[in-house]
Amino acid sequence: MNILITGAKGQIGTELVPFLGRSYPDSQIFSTDIDTLDVTDASKVDQFIGDNSISQVFHLAALLSGVGERSPRKTFDVNLLGSLNILEASRDRGVLQVFIPSSIAVFGRDYPRDNTPNDTVLRPLSMYGVTKVAGEVLHEYYTSRYGLDVRSLRFPGILSSRGKPGGGTTDYAIHMLAQAAQGEPNFVSFLKQGTRLPFLHIDDVLEGIVTFMNAPREHLSRRVYNVTGFSAAPEDFMFAIQKHGNPISVTYEPDFRQAIADQWPRSINDTRARKDWGWRSQLDLEETTLRLLKDFSEDL
Ligand SMILES: NC(=O)c1ccc[n+]([C@@H]2O[C@H](COP(=O)([O-])OP(=O)(O)OC[C@H]3O[C@@H](n4cnc5c(N)ncnc54)[C@H](O)[C@@H]3O)[C@@H](O)[C@H]2O)c1
C-alpha cells in the first residue's frame with residue numbers, strides 16, 4: 001500500500017510518520033509538507049497522488065486556530081481548498097481511504113460546553129472552526145456521493161514533545177511543561193485561570209488514528225467522531241507539574257486566544273467512538289504530565 005501524508009512536518013505528522021512505518025511495515029510512505037507538496041496546488045496534488053499510486057491519504061496540512069485568526073483568508077485556502085484538492089484527486093485516482101482531522105473548534109455557540117455530544121449544533125466563530133465544519137460536511141459529501149472512504153476525528157488539544165506545536169489555542173500546556181522540565185519556574189499563560197479544555201496525549205492520538213482507520217466500514221455510524229483524553233485548566237497543569245517535583249508558578253496574561261478558548265467545549269463526550277469502533281484513551285493528566293516532563297528534560 002502506498003500512503004501519502006501531507007503536513008508531515010507538523011506536530012502530529014512528526015510522530016505519525018514513524019508510527020505508520022511501524023504499523024504498516026510493508027507500505028511505502030510518502031511524507032510531504034509545503035516544501036514538497038503544497039496542498040493548495042490542485043494539479044500538483046492530483047499529479048502526486050496519480051504518479052505514486054497512492055491508496056491511503058493522511059491529510060494533516062492545515063493552519064491551526066491561533067494562526068488562523070491572524071490570516072483568515074489563507075486559512076480558508078489551506079484548510080478548505082486544500083482538503084477539496086485532496087478529496088478530488090483521491091476520488092479521481094482511486095484512493096481507497098482518506099483521513100482528515102477535525103477539531104473541537106467546530107463548536108462555537110448554542111451547544112452544551114460540558115460533556116459535548118457527538119451530534120450537536122456546530123456554529124463556530126473562528127475561521128479555523130468554519131473550515132473544520134465545512135470540511136466535515138465536505139468529507140461526508142465525498143463519502144455519500146462518490147463512495148470514497150473519508151474518516152475524521154475531532155481532536156482536542158494534542159500534547160506531544162517531538163513535533164513542535166503549530167499555533168493552536170491549547171499550545172500553552174506544552175510550553176508550560178517544556179519550561180518546567182528545563183528548570184524555568186515562571187510561566188506566563190495566554191489563557192486565564194479556570195479555562196478548562198479537553199486534551200489528548202499524542203500516543204493516544206496515534207493509536208486512535210490507526211484503530212479508527214482499520215475499523216470495518218460497516219461498524220461506523222458516523223464519518224466524524226468526538227475523541228478525548230482528559231480536561232484541564234492551566235492551574236491543573238501547574239499542580240500536576242508541582243506534584244512531580246518541578247517548581248512552577250503561573251501568571252495569567254490572556255490574549256486573543258482566550259476568546260477562541262471561551263467558545264470551545266470544557267469536556268467532550270466520546271461515547272459514540274467507544275461504541276462504534278472501540279476508542280479508548282489511556283493517558284490521564286497525571287501520566288501525560290509525567291511522560292512529557294521526562295521527554296522534555298531528556299531534550300536538554
Ligand atoms: N495539534 C492539535 O492540538 C490539533 C487539535 C485538533 C486538530 N488538529 C488538526 O490536526 C491536523 C494536523 O495538525 P498539527 O498539529 O500537526 O498542525 P501543525 O501546524 O503542527 O502542522 C501542519 C503542517 O502543515 C503544513 N502546511 C501548512 N500549509 C501547507 C500547505 N499549503 N501545503 C502543505 N503543507 C502545509 C505546515 O508546514 C505544517 O508542517 C490539522 O488538520 C489540525 O487542524 C490538531
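Hi everyone, let me start right at the ligand: one of its nitrogen atoms lies 2.9 Å from a polar side-chain atom of aspartate 38. The protein covers 91% of the 830 Å² of accessible area that the ligand has on its own. Before I go on, please keep in mind that this is a predicted model.

So where does the ligand sit? You will find it in the largest pocket. Several elements give two or more residues to the shell around the ligand, namely α1 (11-23), β5 (102-103), α5 (127-146) and β7 (157-159). The shell has 26 residues in total, and the closest to the ligand are Gln11, Asp33, Asp38, Tyr128 and Lys132. If you like to think about the chemistry of a site, the shell divides into 14 nonpolar, seven polar and five charged residues.

Let me add two more contacts to the one I opened with. In aspartate 33, an N or O atom of the side chain is 2.5 Å from an oxygen atom of the ligand. With glutamine 11, the backbone is the partner: one of its N or O atoms lies 2.8 Å from a ligand oxygen.

Let's stay with glutamine 11 for a moment. This residue belongs to helix α1. Is glutamine 11 buried or exposed? Its relative accessibility is 12%, so glutamine 11 counts as buried, the cut-off for buried being under 20%. Now look at what its side chain does. A polar atom of that side chain lies 2.9 Å from the backbone oxygen of isoleucine 158. The glutamine 11 side chain also has a polar contact of 3.0 Å with the side chain of serine 160. To put the picture together, the backbone of glutamine 11 has an atom 2.8 Å from the ligand, while its side chain has a polar atom 2.9 Å from the backbone oxygen of isoleucine 158.

Next, some backbone angles. As general background, most residues other than glycine have a negative phi. The loop between β5 and α5 holds aspartate 110, and asparagine 115 is found in that loop too. For aspartate 110, phi is positive, near 60°. Asparagine 115 is not a glycine either, and its phi is positive at about 55°. How do they stand in terms of accessibility? Aspartate 110 counts as exposed because its relative accessibility is 54%, and asparagine 115, at 45%, counts as partly exposed. There is also a glycine to mention: glycine 245, just after α8, takes a positive phi of about 90°.

That brings us to helix α8 itself, which spans residues 234-243. Its buried residues include Pro234, Phe237 and Ile241, along with Glu235, Met238 and Ala240. A general point helps when you view this on screen: an α-helix has 3.6 residues a turn, so residues three or four places apart point the same way.

I'll finish with two distances for anyone who likes to set the scale. Valine 188, in strand β8 (residues 186-189), is 35 residues from arginine 223 in sequence and 39 Å from it in space, C-alpha to C-alpha. At 42% relative accessibility, valine 188 counts as partly exposed. Serine 71, from the loop between α3 (65-70) and α4 (72-92), is separated from leucine 4 by 67 residues in sequence and 27 Å in space, again C-alpha to C-alpha. Serine 71 is partly exposed as well, with a relative accessible area of 29%.

Thanks for listening!

Notes:
Residues are numbered from 1 along each chain as its sequence is written. This is a predicted model: local features need pLDDT of at least 70, side-chain atom pairs count only at pLDDT 80 or more; totals for chains, interfaces and linings use all residues. Side-chain values use heavy atoms; hydrogens and water are left out. A residue is near a molecule or strand if one of its heavy atoms lies within 4 Å of it. A polar contact is a pair of N or O atoms within 3.5 Å; within protein, one must be able to donate a hydrogen and the other to accept it, and residues adjacent in sequence count only if both atoms are side-chain atoms. Accessible areas come from the Shrake-Rupley method with a 1.4 Å probe; for residues, only the protein chains shown count as cover. On a 1 Å grid over the protein atoms alone, a cavity is a set of points where a 1.4 Å probe fits but cannot get out, and a pocket is an open set with protein on both sides within 12 Å along at least five of seven lines; lining residues have an atom within 4 Å of a point. A molecule sits in a cavity or pocket if more than half of its atoms lie within 2 Å of its grid points. Helices (H or I, at least four residues) and strands (E, at least two) are DSSP runs, numbered from the N terminus. Ala, Val, Leu, Ile, Met, Phe, Trp, Tyr, Cys and Pro count as nonpolar, Asp, Glu, Lys and Arg as charged, and the others, Gly among them, as polar. Buried means under 20% relative accessible area, exposed over 50%, partly exposed in between (1.4 Å probe, protein chains only).
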